[in-house]
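Subject: Structure for you, with notes

Hi,

Here is the structure I promised to pass along. Have a look at it first, then read my notes underneath.

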Amino acid sequence: MNQTPTKTVTLQHPTTGETFDIELIEVEGGKAEMGEGKGKHPINIPTFYIGKYPVTQALYVFVMGKAENRSRFKGKDRPVEMVSWEDAKRFLQKLNSEFGNFDFRLPSESEWEYAARGGKHWRDKFEYAGSKNIEEVAWCDKNSHRETNPVGWKKANQLGIHDMSGNVWEWCEDDYHSDYENAPKDGSAWIDEPRASSCVVRGGGWNRYVIGCRVAIRNYLIPSSRYYYYGFRLVLPQFNR
């Protein structure tokens, strides 16, 4: 394993003064091929920082307040779910404007897959994020007991990132396109003008069959959709703290 040391961003609540630590993993930039089969295409991604875990209910409540936590499976260390892409964007706007001068955002689809595969330590033999054995790294229909589970209980991938396969699907910034033709090659999000009707989700969830949790699998939903198997993860383009 080539796990990267965790970096920490400490939030301070603007009203109570309480603090909350967000753990991030540095994903060193590099060249790779994203996708599989005929969909493979080259990318060259700059370095970025990604959440060690998907956004938990504890973090979501710290920023948005308890009343905003619609998650079906309650637990402070479980990933937040029942959040739409629009909810995730509202969370980010509040986080960045009220809790410090941050630039947190959703990952691009390229960043998500590059991080899930281990970045520069990419291993095609790993169908899932960090392993070819799904039960080592993911909560899926085989082992989840039909619910989310606390983040970090499964093995991390090569970079030290947890739960990128299974547990909850994760929203990306990108509009959904049926293939990668004309996709950006610099790791940025693929955004239409005007915006498309659906956004990308990646990673599979607790309710998915094994094949649905592979790192190359893509799905999409309209931005207002909320389900109890969709969450999100944070990206920070630069770490200056």
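Below is what I found, going through the helices, the sheet, the cysteines and a few single residues.

A word on the ground rules. This is a predicted model, so local features need pLDDT of at least 70 and side-chain atom pairs count only at pLDDT 80 or more, while totals for chains, interfaces and linings use all residues. Residues are numbered from 1 along each chain as its sequence is written, and side-chain values use heavy atoms, with hydrogens and water left out.

**Helices 1 and 2**

Helices (H or I, at least four residues) and strands (E, at least two) are DSSP runs, numbered from the N terminus. I call a residue buried under 20% relative accessible area, exposed over 50%, and partly exposed in between (1.4 Å probe, protein chains only).

Helix 1 is mostly covered, with six of its eight residues buried. Those are Q57, L59, Y60, F62, V63 and M64. Their cover includes strand 1, strand 2 (19-27) and helix 2, where contact means heavy atoms within 4.5 Å. Right after helix 1 comes G65, with a positive phi near 100°.

Helix 2 takes in residues 85-98, and its 14 residues should span 20 Å at 1.5 Å a residue; the end C-alpha atoms are 20 Å apart, so that agrees. (The expected span is 1.5 Å times one less than the number of residues.) Its buried residues are W85, D87, A88, F91, L92, L95 and N96. Looking down the axis of helix 2, you'll see these fall within an arc of 160°, so they line one face of the helix; the arc is taken from the directions from the helix axis to the C-beta atoms. As background, an α-helix has 3.6 residues a turn, so residues three or four places apart point the same way. The buried residues of helix 2 pack against strand 1 (6-12), helix 1 (57-64), strand 6 (169-175) and strand 7 (199-202).

Both ends of helix 2 are worth a look. At the N-terminal end, S84 acts as a cap, with a side-chain oxygen 3.3 Å from the backbone nitrogen of E86. That is a polar contact: a pair of N or O atoms within 3.5 Å, where within protein one must be able to donate a hydrogen and the other to accept it, and residues adjacent in sequence count only if both atoms are side-chain atoms. Following helix 2 is G100, whose phi is positive, near 140°.

**The sheet**

There is an open sheet of four strands in the order 1-2-5-10, with antiparallel pairing. Strand 1 and strand 10 (235-236) are at the edges with a single partner strand each, so one side of each has no neighbour in the sheet. Two strands pair if DSSP finds at least two bridges between them. Strand 5 (residues 48-51) and strand 10 run antiparallel and are joined by two bridges; Y49 has L236 in strand 10 as its bridge partner.

**Cysteines**

How many disulfides does a search of the whole structure find? Zero, taking a disulfide as a pair of cysteine sulfur atoms within 2.5 Å. For C172, the closest cysteine sulfur is in C199, 9.5 Å away, which is too far for a bond. C172 is buried at a relative accessible area of 0%, and C199 is buried too, at 1%.

**Single residues**

I45 is in strand 4 (residues 41-45) and is buried, with a relative accessible area of 3%. Leaving out residues up to four places away in sequence, I45 touches G29, G30, S110, E111, Y114, D186 and G187. I45 and S110 are 65 residues apart in sequence, yet their C-alpha atoms are 8.0 Å apart.

E68, in the loop between helix 1 and helix 2, is partly exposed at 30% relative accessible area.

The loop between strand 6 and strand 7 holds P194, which is joined to E193 by a cis peptide bond with omega about 0°. N182 lies in the loop between strand 6 and strand 7 as well. N182 has a positive phi near 75° despite being a residue other than glycine, and it counts as exposed at 65% relative accessibility. R146, in the loop between helix 4 (134-137) and strand 6, is another non-glycine residue with a positive phi, near 65°.

Cheers
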